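Please look at the structure below before reading on, and keep it in view while following the explanation.

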Amino acid sequence: MTQNSSRKEMLIGLGSLFFAHVVFVVSLVSLLWITDWLSLYMLQPIISLAVFGIGLSQLIYAVPLGLRFRRKRRFSAMKGVIIGAVITALLCGGCFVFFLWMLSSMYG
């Protein structure tokens with residue numbers, strides 16, 4: 001496999017994960033709206049935590065996506081999924097620490 005097609009496959013993996021992120025967040029926000037409409041307030045903190053903690057909740061769909069690419073022997077696409085998942089987790093972790101620091105400086 002040439003280096004150019006390997007990069008293209010990696011971008012396919014990154015794009016697939018990005019699409020999965022969008023679908024996940026849109027579905028959870030829709031679920032938040034439905035639980036508010038049905039007055040199921042006990043589920044809202046759980047759903048909100050899943051949206052804001054996407055770094056961990058991405059394991060629900062990133063691992064099967066990576067395994068699917070591996071089963072199809074598209075290892076460069078699998079690497080793209082892994083790279084995207086790591087970047088997402090690092091960004092979410094950094095934002096989480098920043099917001100905790102902001103809250104502690106405001107109320108501490």
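**One helix and its surroundings**

In this predicted model, a good place to begin is helix H2, in which Gln 44, Ile 47 and Val 51 are buried. Seen down the axis of H2, these buried residues fall within an arc of 70°, so they line one face of the helix. On the other side of H2 are Pro 45, Ile 46, Leu 49 and Phe 52, which are exposed. The cover over the buried residues of H2 includes helix H1 and helix H3, the latter formed by residues 54-57.

The next step is to ask how H1 and H2 lie against each other. Two packed helices are described by the angle between their axes and the distance between the axes. For H1, which spans residues 3-37, and H2, which spans residues 44-52, the axes come within 10 Å and cross at roughly 160°. Since angles over 145 degrees count as roughly antiparallel, H1 and H2 are therefore roughly antiparallel to each other. The crossing in which H1 passes H2 is left-handed.

The contact itself can be followed residue by residue: from H1 come Phe 24, Leu 28, Leu 31, Leu 32, Thr 35 and Asp 36, and these meet Gln 44, Ile 47, Ser 48, Ala 50 and Val 51 of H2. By kind, the residues of this contact divide into 7 nonpolar, 3 polar and 1 charged.

Further along the chain, Gln 58 is found in the loop between H3 and helix H4, which covers residues 59-71. Gln 58 counts as buried because its relative accessibility is 2%, and buried means under 20%. Leaving aside neighbours within four places in sequence, Gln 58 is in contact with Leu 17, His 21, Val 63, Ala 85, Thr 88 and Ala 89.

How values were computed: Residues are numbered from 1 along each chain as its sequence is written. This is a predicted model: local features need pLDDT of at least 70, side-chain atom pairs count only at pLDDT 80 or more; totals for chains, interfaces and linings use all residues. Side-chain values use heavy atoms; hydrogens and water are left out. Axes are lines fitted to C-alpha atoms, for helices over the stretch in contact, and angles run from 0 to 180 degrees between N-to-C directions. Helices (H or I, at least four residues) and strands (E, at least two) are DSSP runs, numbered from the N terminus. Angles under 35 degrees count as roughly parallel, over 145 as roughly antiparallel, 65 to 115 as roughly perpendicular and the rest as oblique. A crossing is left-handed if the near helix is turned anticlockwise from the far one by less than a right angle, and right-handed if clockwise. Contact means heavy atoms within 4.5 Å. Ala, Val, Leu, Ile, Met, Phe, Trp, Tyr, Cys and Pro count as nonpolar, Asp, Glu, Lys and Arg as charged, and the others, Gly among them, as polar. Buried means under 20% relative accessible area, exposed over 50%, partly exposed in between (1.4 Å probe, protein chains only). The arc is that of the directions from the helix axis to the C-beta atoms.
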